[in-house]
Amino acid sequence: MSLTDFIEKRYLPYIKEHKAPSTYAGYKNLWSLYIKERGTSALRDYRTCECEDMLLEIARAHDTAKETIKRVKSFLSGTFRYAKRQGVLHTENPMWDTVIPECREGEETYAYSLHEILRMLELVPEPAASMIAVAGFGGLRSGEIRGLLVEHYNHDSIFVAQSAWRSQVKKVKTKASKAPVPVVSQLAARIDAHLKTMGSPASGFMFPNAVGKPIGMQRVADEVIRPALKGSGIEWHGWHALRRGLATNLHGLEVPDKITQMILRHSSVSVTQSCYIKTVDSQAVKAMRKLECATTVQLAKAQREATPEVSSPRIM
């Protein structure tokens, strides 16, 4: 069986059954764009050198960013790992020792500051403003906001039980994602006011569309948020920038990264640190001011030590 056949007939169906619909769509996209035409050799014939050559070829042919190549590597590693578990592959995973080739860096992701989030809440009408608050103060992903149910909110916390992607609503699978999210008073006040305008329902979607289905996040962004922010100096960088903003703002308040990981419901603290916490300009300036003060003190001390004291003349 070729690598392409195994992915198409065995691995992707497994992903579709066991992973979120958005994950399956992303994996299928990686396969069709970068791997399908290159996976013609037999699965068992792939060695580390062939896998590394494949990554290099993809990087050169598509001018892909480094993060994309990392995702391709992760996808292929998962493929070979699944093949081993199924008894199809009897050698070591050939992706383990592959090295990411030199390729261009991707664009830096954005994280909203607390000031920007509060300003957006002033400018954006409801219910989009409450959705922004849930993302910026609760850290929920866009699919989790779409799938959020009224009965999973109790004023003190939000229990994330499901996620909506396109027309599909599914329960979240990982234990970390199911953890309750603490709700600050400002967020609770907004949610309570929003639910009151809906007639204070006891159940159902918290942010439904006109026919009671999960609201379209991209449509809200394009038709409500972007026009409301026009001319304000704040650009719309997507829902995930609000989630990154929460991580960055907590970090700026000296909240331990492990606690931030729990709030964002990541599987590991390294994901929080490497992908979500962004050092904002004010923090960098504050740090350099501390260095400036310390340098001034040390220079003054060194100057005092180098300059001999001059004794005052005696008065006869």
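The exercises below, each with a worked solution, concern a predicted model.

**Exercise 1. Helix H10**

Work out what length helix H10 should span, and which of its residues are buried.

*Solution.* Begin with the length: helix H10 runs over residues 240-252, and at 1.5 Å a residue its 13 residues should span 18 Å. The expected span is found by multiplying 1.5 Å by one less than the number of residues. The end C-alpha atoms of H10 lie 18 Å apart in the model, which agrees with the expected value.

Turn next to burial, for which a residue must have under 20% relative accessible area. The buried residues of H10 are Ala-241, Leu-242, Arg-243, Arg-244, Gly-245, Leu-246, Ala-247, Thr-248, Asn-249 and Leu-250. Because 10 of the 13 residues are buried, H10 is largely enclosed by the rest of the structure.

**Exercise 2. Helix H11**

Find which residues of helix H11 are buried, and state how wide an arc they cover around the axis.

*Solution.* In helix H11, residues 257-264, the buried residues are Asp-257, Thr-260, Gln-261, Ile-263 and Leu-264. These residues cover an arc of only 165° around the axis, which places them on the same side of H11. As a last step, look just past the end of H11, where Arg-265 has a positive phi of about 65°.

**Exercise 3. Backbone angles in the loops**

Describe the backbone at Asp-63, at Ser-200 and at the peptide bond from Glu-126 to Pro-127.

*Solution.* Start from the general rule that most residues other than glycine have a negative phi, and that most peptide bonds are trans. Asp-63 is not a glycine, yet its phi is positive, at about 50°, and it lies in the loop between helix H3 and helix H4. Ser-200, likewise not a glycine, has a positive phi of about 55°, and its place is the loop between helix H8 and helix H9. With 52% relative accessibility, Ser-200 counts as exposed, since the cut-off for that class is over 50%.

The peptide bond from Glu-126 to Pro-127 is cis, with omega near 0°, and Pro-127 belongs to the loop between helix H5 and helix H6.

**Exercise 4. Salt bridges**

State how many salt bridges the structure holds, and where the partners of Asp-63 and Arg-190 lie.

*Solution.* The structure holds 10 salt bridges. In one of them Asp-63 pairs with Arg-104, with the closest N and O atoms 3.6 Å apart. This pair links distant parts of the chain, for Arg-104 is in the loop between H4 and H5, 41 residues apart from Asp-63. Asp-63 is partly exposed at 47% relative accessibility, and Arg-104 is partly exposed with a relative accessible area of 43%.

Next, Arg-190 forms a salt bridge with Glu-126, in which the closest N and O atoms are 2.8 Å apart. Arg-190 lies in helix H8 and Glu-126 in the loop between H5 and H6, so the pair ties together parts that are 64 residues apart in sequence.

For a pair within one helix, take Glu-122 and Arg-119, which form a salt bridge with their closest N and O atoms 2.8 Å apart. Both lie in helix H5, three residues apart, or about one turn of the helix.

**Exercise 5. The cavity**

Give the volume of the largest cavity and classify the residues of its lining.

*Solution.* The count comes to one cavity of 30 Å³ or more, and the volume of the largest cavity is about 40 Å³. Its lining consists of Glu-144, Gly-147, Leu-148, Leu-149, His-152, Phe-159, Val-160, Ala-161 and Gln-162. Sorted by class, the lining has five nonpolar, three polar and one charged residues.

Methods
Residues numbered from 1 in each chain as written. Predicted model: local features only at pLDDT ≥ 70, side-chain atom pairs only at ≥ 80, totals over all residues. Heavy atoms only, no water. Helix = DSSP H or I, 4+ residues; strand = E, 2+ residues; numbered from the N terminus. Buried < 20%, exposed > 50% of the residue type's maximum accessible area, 1.4 Å probe, protein only. 1 Å grid on protein atoms, 1.4 Å probe; cavity = no way out; pocket = protein on both sides within 12 Å on 5 of 7 lines; lining within 4 Å. Points joined across faces, edges and corners; volume = space filled by probe spheres on them. Nonpolar A, V, L, I, M, F, W, Y, C, P; charged D, E, K, R; others polar. Arc of directions from axis to C-beta. Salt bridge = Lys/Arg side-chain N within 4 Å of Asp/Glu carboxyl O.
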